[in-house]
Every structure is written in C-alpha cells, then in structure tokens.
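I opened a fresh page for this model. My plan is to look things up one at a time and write down what I find.

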Amino acid sequence: MVMQDNVILIIEDDEGLRSQLRWHFDDESTTILTVGDRESALAAVRQHEPMVVIQDLGLPPDPEGVSQGFRCMSEILSLAGHTKIIVLTGKGDRENALKAIELGAFDFYTKPVDPMQLDHVVSRAFHVAELELENRRLLTPQNPTGGLVTGHPDMLKVCRLVQKIAPSDVTCTFIGESGTGKEVLANMLHRLSERSEQPFIAINCAAIPENLMESELFGYEKGAFTGADKARSGLIEAAAGGTLFLDEIGDMPLALQAKLLRFLQERTIERVGGRKSTPIDVRVTCATNKNIEQMVAAGTFREDLYYRIAEMVIDIPPLRERDGDKAVLARHFLAKYAVDRYARVTGFSQDAVAAIEDYDWPGNVREMENKIKKAVILTDGKVIERDDLGLDPASNTMRLLNLRDVRQEAERKAIMQALSISNNNVSAAAKALGVTRPTLYDLLKKYHISADNPS
Ligand SMILES: Nc1ncnc2c1ncn2[C@@H]1O[C@H](COP(=O)(O)OP(=O)(O)OP(=O)(O)O)[C@@H](O)[C@H]1O
C-alpha cells in the first residue's frame with residue numbers, strides 16, 4: 001500500500017460534526033474521506049491509506065464508550081503503522097487521551113472542535129508524516145544510511161550528495177556543530193563506497209594529546225622514543241583499503257598538518273623513527289566545527305592542506321534549524337530505547353512534544369539522543385512528560401543576535417502584517433505571502449502567533 005499524500009480520513013459518527021469537518025478541510029489539494037463506523041474506516045484505510053486520520057473515540061455500537069474507538073485505532077495502526085491518528089476526546093477525558101497516545105495516536109484534540117485550532121494539529125501531523133515518508137524513501141536497501149534519520153530538505157540534500165560522491169575518491173569535509181551527525185555521514189559515505197568491506201577508522205584530533213598524535217596516525221618503529229620497545233602501525237595503516245575519518249581536523253597541530261599534507265600528496269607514510277616510505281591506499285574524510293577559512297586567514301591552518309581536504313565541503317545544519325526533524329528524531333530515539341524492559345513507554349505527552357519543539361538543542365542530535373534515552377529510563381508512566389526530559393530553558397536564551405534571528409524576526413513581521421491586512425483570514429494571508437495554508441499554519445505555530453489575535 002502506498003500512503004496517499006494529502007488524504008484525511010474523518011471517522012465520526014455524529015453526522016453534523018462529520019460534515020462540518022469535511023467542509024472545513026475540503027480544498028483543492030486535500031481529499032477528504034468521511035465514515036461513521038469502524039468497519040467502513042478500515043475499508044477506507046485499506047483502499048486509500050490516508051496520511052492523517054481524525055477519529056472520534058465513541059463509535060457505534062459503543063457510541064458512549066471508547067471500546068470501538070480504541071479497537072479502530074489499533075487496527076488502523078496495524079494495517080498502516082505510519083498513519084497519523086488524531087483522536088477527538090470529550091472534555092475532561094484526559095485519561096483516554098493519554099491512553100490513545102500510549103496506543104500510538106499521533107495527538108489528541110479535546111471537543112468541542114474549533115476547526116481553526118484543529119488545523120494546527122492536522123498540519124503538524126501532515127508535516128511529520130511527510131518528513132517520515134521522505135526518510136523512508138531515503139532508507140531503501142540500496143541506500144543504506146547507517147542509521148541516519150532525517151526528513152529535512154537540507155539534510156536530504158546532504159544525503160543525496162553523499163550518495164553521489166561515495167563511489168569517487170573525492171576528499172570531503174563535513175562542517176557543522178558538534179553532535180549534528182558528521183561522523184554518521186562520514187560512515188555513510190564509507191558504506192556507500194567500494195571500500196565498504198574495508199575498515200572505517202575514526203580519529204578525533206582534539207582528543208589525542210599533541211605529542212602522541214603523530215605516532216597514533218603514522219605509527220612508530222622500535223626505539224623511536226623512550227618506551228617504544230616494539231614497532232607499532234598507526235591508524236592510517238589500520239585504515240588501509242578503507243576510509244580514515246579525521247574528526248575535528250581544525251584541532252590538528254600545525255606541525256602535523258605538514259605531515260598529513262605530505263601523506264595526502266604522496267599517499268605514502270613514514271613511521272616515526274623509520275626511514276621507509278610505505279604506500280597506503282586510504283580515502284580521507286574530515287570533519288570540523290571550526291571555521292577553517294578563518295583559521296587559514298589567521299595562519300593557524302595551512303591553506304594548502306585546506307584545499308586538499310576541502311575538495312568537497314558539506315555543511316550540516318544544526319538541529320534547531322531543521323524544521324520538523326526534532327519530532328522525527330525524537331520519535332526515532334523513543335523507538336530505539338523504549339524496548340525490552342522499557343517497552344511500556346510508547347509516546348510523548350503534548351507538553352513534552354512542545355518542549356522538544358521549543359528547545360534549541362545546543363548539543364544537537366547527540367544531546368537529543370541522550371535526553372530521550374534518559375527520559376525513557378526515568379519516566380514512571382507510559383508517556384514521556386516534559387519534566388522527564390530535563391530541558392534547561394536557560395540554554396535557549398544564550399543565543400546571540402545573528403543572521404538567523406534577524407531573518408526569523410523579518411519572517412514573523414511579514415506574517416503579522418499579512419494577517420492584519422487580510423483581517424486574520426489565514427487563506428488570504430497565505431496567498432499574500434506566497435505560501436500554502438499548511439505552511440502558514442506551521443509558521444504561526446513556530447512563532448506562537450494566534451490567527452485570532454496576531455498582535
Ligand atoms: N540524523 C541522525 N539520525 C540518527 N542519529 C543521529 C543523527 N545525527 C546524529 N545522530 C546520533 O547523534 C550522535 C552524534 O552524532 P555524530 O557523532 O555523528 O556527530 P558529530 O557531528 O560527528 O559530533 P562531533 O563533532 O562532536 O564529533 C551519535 O550517537 C549519532 O548516532
């Protein structure tokens with residue numbers, strides 16, 4: 001079955017509400033299917049596999065209870081596990097709302113329905129579904145990504161670039177903040193290359209003391225220095241035939257930069273204390289979170305080495321700039337760690353989702369993985385709550401005024417202006433801004449602007 005883009009299935013036994021929702025969501029780009037009971041819902045899912053389902057919990061023959069609603073939800077998820085189900089619950093029915101999340105619902109919405117508010121939830125569900133779909137498209141058996149998960153257009157572009165250059169021997173350098181996935185990408189590059197059966201050796205240039213780095217990389221001969229009682233090969237030799245990943249290349253001392261450059265030019269190594277040159281066939285990949293061009297200008301990084309390692313420079317955006325990836329990655333890490341004795345943990349509360357979205361993640365994906373792993377272990381319930389995540393809002397305020405902030409402020413102002421000119425009509429405002437309605441809803445959410453009161 002292929003998931004259909006822009007199909008919403010509404011499962012609601014109240015005919016009035018069903019028509020209201022159909023009428024509200026109906027537009028040229030969206031197909032709305034409506035049904036009133038569980039059997040018809042399952043038939044519609046089999047036939048159309050909608051991306052998003054809006055579902056009432058009270059369905060016949062148990063319209064006052066929740067048994068049919070939960071059964072329907074579980075059956076949809078076992079038929080089409082990626083469906084984003086938004087459950088409609090009665091006021092004060094928090095217990096069932098949480099149970100729905102535990103069973104795998106994407107979100108819940110408390111009646112009475114305000115279609116404009118429900119729009120936010122629906123467009124977020126579409127957004128996450130689309131990102132996950134992109135990620136699944138990327139992750140085919142022909143495209144092993146070594147565990148890289150993303151749905152963000154810029155990261156997908158990076159992945160495609162990596163796939164393209166993998167078969168060549170181009171030396172590429174990944175530039176990005178710590179924890180953004182540079183090593184994961186370097187590993188993906190290796191796996192996709194013809195060297196995949198050979199070793200992938202990663203070395204963190206910032207973690208090795210300067211006086212040991214040369215012998216670590218190039219190896220040494222017996223008697224090369226005090227304590228060298230036998231010869232040892234270095235990491236370049238260990239990577240022979242495969243890939244050597246030099247992480248934090250910006251921290252490599254100048255003296256060693258010269259030796260690395262010689263290796264990259266001649267493709268031979270000389271062990272410390274040795275006189276013999278040995279040819280080694282290795283692909284070199286680098287990463288850094290430093291601005292190497294600035295270091296070149298300051299004289300702390302050799303320009304000739306920079307040109308060698310930067311045959312291809314690939315920028316990795318920080319997590320805070322990957323709109324939508326936070327949700328996709330959070331769900332990925334939950335699935336990764338909520339196993340065995342933690343399998344009871346099945347989702348995030350609404351508050352937790354909002355906290356994940358709002359947080360800046362200065363430590364990027366690594367920080368998120370650690371925080372979610374910890375939350376899975378620490379939570380007492382079945383759902384991870386905001387407090388379980390231990391996100392420190394202070395780190396969000398550390399941001400300096402930079403181009404991104406300026407751009408966001410301009411975007412926010414333009415949206416407010418468009419809303420005010422269009423009398424808060426979201427469709428008209430979206431048109432004026434040249435974006436789709438779901439995109440505008442995403443932006444409204446991002447900037448915490450209410451369309452009812454855009455001040
Ligand atoms: N897109 C991703 N999907 C899944 N896991 C990811 C992704 N990006 C990063 N990770 C995970 O986050 C952690 C940090 O990633 P990685 O080591 O690749 O970051 P890095 O940019 O190389 O960091 P550093 O500069 O500090 O070495 C790893 O455990 C990795 O598996």
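Which elements do the buried residues of α7 pack against? I looked this up in what is a predicted model. The buried residues of α7 pack against α6 (153-165) and against four strands I noted by name: β6 (172-175), β7 (200-204), β8 (243-247) and β11 (283-288).

**Entry: helix α7**

I then listed the residues themselves. K182, L185, A186, N187, M188, L189 and H190 are the buried residues in α7. That is 7 of the 10 residues of the helix, so α7 is largely enclosed by the rest of the structure.

**Entry: the ligand**

How many residues surround the ligand? I found 18, with S178, G181, K182, E183 and V365 the closest. I checked which elements give two or more residues to this shell, and they are α7 (182-191) and α15. By class, I noted 5 nonpolar, 8 polar and 5 charged residues in the shell. K182 turns up twice in my notes: it is among the closest residues to the ligand, and it is buried in α7.

**Entry: α13 and α15**

Since α15 lends residues to the ligand shell, I followed that helix next. Two packed helices are described by the angle between their axes and the distance between the axes. I looked up both for helix α13 (residues 325-337) and helix α15 (residues 364-378). Their axes come within 9 Å and cross at roughly 45°. That angle is why I wrote α13 down as oblique to α15. The crossing of the pair is right-handed.

Which residues of α13 and α15 meet? From α13 I listed L329, A330, F333, L334 and Y337. From α15 I listed V365, M368, E369, I372, K373 and V376. This contact has 9 nonpolar residues, no polar ones and 2 charged ones. V365 is another double entry: it meets α13 and is among the residues closest to the ligand.

**Entry: α2 and α3**

I repeated the exercise for helix α2 (residues 38-48) and helix α3 (residues 67-79). Their axes lie 10 Å apart, and the packing angle is about 15°. That makes α2 roughly parallel to α3. α2 passes α3 in a right-handed crossing.

For the contact, I read R38, A41, L42, V45 and R46 on the α2 side. Q68, R71, C72, E75, I76 and L79 are on the α3 side. The classes come to 6 nonpolar, 1 polar and 4 charged residues.

**Entry: A44**

I stayed with helix α2 for A44, which sits in it. Is A44 buried or exposed? It counts as buried because it has 20 C-beta neighbours inside 10 Å. Leaving out residues up to four places away in sequence, A44 touches L9, L33 and V35. I also took the spacing from A44 to L9: 35 residues apart in sequence, 7.8 Å apart in space, C-alpha to C-alpha.

**Entry: backbone exceptions**

Most residues other than glycine have a negative phi, and most peptide bonds are trans. I went looking for exceptions.

Where are the cis bonds? I noted one joining P60 and P61, with omega about 10°. P61 is in the loop between β3 (50-56) and α3. I noted another from K111 to P112, with omega near 5°. P112 lies in the loop between β5 (107-110) and α5 (115-138).

Then phi. R267 has a positive value near 60° and is not a glycine. I placed R267 in the loop between α10 (254-266) and β9 (268-269). D340, also a residue other than glycine, has a positive phi near 50°. I placed D340 in the loop between α13 and β13 (347-348).

How many other C-beta atoms lie within 10 Å of R267? I read 15, so R267 is partly exposed. D340 has 6 within that radius, so D340 is exposed.

**Entry: whole chain**

I closed with the totals. The protein chain has 19 helices and 14 strands. Of its 455 residues, 36% are buried. Among contacts with a separation of 6 or more, 68% are between residues 24 or more positions apart.

Definitions and conventions:
Residues numbered from 1 in each chain as written. Predicted model: local features only at pLDDT ≥ 70, side-chain atom pairs only at ≥ 80, totals over all residues. Buried ≥ 20, exposed ≤ 12 C-beta atoms within 10 Å, placed from the backbone. Contact = placed C-beta atoms within 7 Å. Axes fitted to C-alpha atoms, helices over the stretch in contact; angles between N-to-C directions. Parallel < 35°, antiparallel > 145°, perpendicular 65-115°, else oblique. Left-handed = near helix turned anticlockwise from the far one by under 90°. Nonpolar A, V, L, I, M, F, W, Y, C, P; charged D, E, K, R; others polar. Near = placed C-beta within 6 Å.
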